[in-house]
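The following note sets out, in numbered points, comments on the model under review. It deals with the protein-DNA surfaces, the relation of the chains and one helix packing.

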There are 2 protein chains.
Amino acid sequence: MSEILRQQIEKITPLTDKEFEYILSHFTTKKLKKHQFLIQEDDLVQHDYFVIKGLLKAYYINHDGKEHIMQFAAEDWWITDYQAYFNETKALFNIDCIETTEVLCLSLYNREKLCADMHKIEHFFRKKSNSGYVALQRRILSLLNSNAKERYEQLLQQYPSLFQRVPKTLIASYLGVSRETLSRLST
Amino acid sequence: MSEILRQQIEKITPLTDKEFEYILSHFTTKKLKKHQFLIQEDDLVQHDYFVIKGLLKAYYINHDGKEHIMQFAAEDWWITDYQAYFNETKALFNIDCIETTEVLCLSLYNREKLCADMHKIEHFFRKKSNSGYVALQRRILSLLNSNAKERYEQLLQQYPSLFQRVPKTLIASYLGVSRETLSRLST
DNA sequence: AGTTTGATGTGATCTATATCACACTAAGTT
DNA sequence: AACTTAGTGTGATATAGATCACATCAAACT
């Protein structure tokens with residue numbers, strides 16, 4: 001159901017059927033089972049991924065083997081290792097599926113081609129990137145300014161639906177708290 | 001010396017003299033003394049600012065009066081309260097001058113106009129936003145994964161020139177560490 | 001059906017960092 | 001020249017959260 005991509009783009013700019021068809025022709029589809037990897041550390045990152053169905057996490061594993069979650073992505077979200085993707089370098093993050101997942105894959109080449117061909121797509125991606133930037137600033141502020149409990153509550157408020165689908169252990173790893181501490185935060 | 005803006009844009013896309021002149025006509029100039037505010041909390045944020053000369057900080061003040069620095073900006077950097085700027089809402093951050101400063105000011109209206117008129121400017125801003133996104137991810141990872149000393153060293157490595165111009169107290173506030181702790185991190 | 005694996009809770013410690021308090025120096029102001 | 005203000009260092013103490021160690025329960029394999 002790639003309609004969900006169309007809807008996302010049309011929140012920013014209207015499209016004709018033909019235009020959307022053209023856009024879509026630059027994507028491929030990929031299906032993954034729970035626990036399967038989309039990207040592993042040191043892979044060359046070939047694509048940005050738009051989630052049609054399912055749930056994934058992008059995370060960094062440090063030298064002690066501790067995992068820190070950079071982002072989750074469910075339906076209607078984009079996910080990849082952006083540093084590696086934009087710079088065509090090797091992945092620092094791992095990305096794998098928390099649930100069985102279906103994604104649309106966009107190579108950097110096709111992304112740039114689309115942006116060059118269609119001004120409105122470049123506009124779309126600029127707007128998306130701007131929103132993403134602001135969201136990351138919010139997260140940084142939360143890390144700087146708030147304690148574990150406050151961060152938990154902010155996340156709960158911002159993405160309530162996540163909590164039905166993601167185990168607390170992973171929430172803890174996203175928030176930068178140990179799972180034991182998170183478990184003790186009830187109210 | 002608006003040439004510095006031109007150079008920044010030309011790192012991404014070439015410009016004719018006429019094009020640059022056209023771009024520049026969408027900016028105004030502003031000069032500020034040390035300690036002067038560019039934006040105060042609850043202001044309507046009218047502009048994005050490109051720093052030609054000087055040094056500023058964008059920071060949040062929490063209910064205890066503690067200040068957390070979101071970003072610094074010296075020559076060749078952009079700064080504003082992006083959340084407020086893009087959404088035309090009131091500022092959450094304060095921005096003031098650490099040094100006497102000169103900036104080029106770009107209203108949202110003019111930014112969008114430029115982006116609509118000149119595909120290459122939209123391209124430029126998309127690229128800048130992408131890089132910014134990646135940089136913020138790096139900072140989040142640093143906050144999640146590293147202790148005070150490691151974060152200090154990472155910052156020192158990434159922006160060595162900052163340390164000549166910014167007092168340690170402010171570095172501490174950027175890193176999310178108390179100034180006392182930062183002061184004890186020597187080596 | 002039995003067994004491994006994942007998710008979660010909770011007590012007992014440990015530790016990095018915050019906080020409080022004070023001192024010293026340099027720079028800017030009247 | 002005296003006085004205020006900003007920047008920095010450092011000791012003593014407090015504390016949020018990490019870590020270690022178990023226990024329980026549910027889900028998923030074999």
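1. Helix 9 of chain A provides three residues of the surface near DNA strand C, the largest share. This rests on a predicted model. Helix 8 (168-175) of chain A and helix 9 (179-183) of both chain A and chain B each contribute at least two residues to that surface. Both protein chains are thus represented around DNA strand C, as the residue names in the next point also show.

2. Sixteen is the number to keep in mind for the surroundings of DNA strand C: of these 16 residues, A:K168, A:R179, A:R184, B:A148 and B:T181 come nearest. By residue class, the surface near DNA strand C consists of three nonpolar, six polar and seven charged residues. Of the strand C atoms within 4 Å of the protein, 39% are sugar or phosphate atoms, and the rest belong to bases.

3. Individual polar contacts to DNA strand C involve both phosphate and base. At A:K168, a backbone N or O atom is placed 2.6 Å from a phosphate oxygen of DNA strand C. The side chain of A:S183 has an N or O atom 3.2 Å from a phosphate oxygen of this strand. By contrast, the side chain of B:R184 addresses a base: one of its N or O atoms is 3.0 Å from a base oxygen of DNA strand C.

4. For DNA strand D, the largest share of the nearby surface comes from helix 9 of chain B, with three residues. Helix 9 of chain A, helix 8 (168-175) of chain B and helix 9 of chain B each supply at least two residues there. Of the 16 residues around DNA strand D, the nearest are A:A148, A:T181, B:K168, B:R179 and B:R184. Sugar and phosphate make up 40% of the atoms of DNA strand D within 4 Å of the protein. The surface near DNA strand D comprises three nonpolar, six polar and seven charged residues.

5. Three phosphate contacts of DNA strand D may be listed. A backbone N or O atom of B:K168 is 2.5 Å from a phosphate oxygen of DNA strand D. From chain A, a polar side-chain atom of A:T181 is 2.6 Å from a phosphate oxygen of DNA strand D, and an N or O atom in the side chain of A:S178 is 2.9 Å from a phosphate oxygen of that strand.

6. How are the two protein chains related? A turn of 180 degrees, with a shift of 0.0 Å along the axis, lays chain B on chain A with an RMSD of 0.0 Å. The two copies are therefore related as by a two-fold rotation axis. The same surface serves both copies, since 100% of the contact residues of chain B recur in chain A.

7. Within chain A, helix 5 (residues 119-145) and helix 6 (residues 148-158) have axes that come within 9 Å and cross at roughly 155 degrees. These two helices of chain A are therefore roughly antiparallel to each other. A:R138, A:S142, A:L143 and A:N145 of helix 5 meet A:E150, A:R151, A:Q154 and A:Q158 of helix 6. The contact comprises one nonpolar, four polar and three charged residues.

8. In chain B, helix 5 (residues 119-145) packs on helix 6 (residues 148-158) at an angle of about 155 degrees, with axes 9 Å apart. That makes helix 5 of chain B roughly antiparallel to helix 6 of chain B.

Terms used
Residues are numbered from 1 along each chain as its sequence is written. Chains are lettered from A and ligands numbered from 1 in the order in which they are written. This is a predicted model: local features need pLDDT of at least 70, side-chain atom pairs count only at pLDDT 80 or more; totals for chains, interfaces and linings use all residues. Side-chain values use heavy atoms; hydrogens and water are left out. A residue is near a molecule or strand if one of its heavy atoms lies within 4 Å of it. A polar contact is a pair of N or O atoms within 3.5 Å; within protein, one must be able to donate a hydrogen and the other to accept it, and residues adjacent in sequence count only if both atoms are side-chain atoms. Helices (H or I, at least four residues) and strands (E, at least two) are DSSP runs, numbered from the N terminus. Ala, Val, Leu, Ile, Met, Phe, Trp, Tyr, Cys and Pro count as nonpolar, Asp, Glu, Lys and Arg as charged, and the others, Gly among them, as polar. Axes are lines fitted to C-alpha atoms, for helices over the stretch in contact, and angles run from 0 to 180 degrees between N-to-C directions. Angles under 35 degrees count as roughly parallel, over 145 as roughly antiparallel, 65 to 115 as roughly perpendicular and the rest as oblique. Copies are superposed by least squares on the C-alpha atoms of residues with pLDDT of at least 70 in both. Contact means heavy atoms within 4.5 Å.
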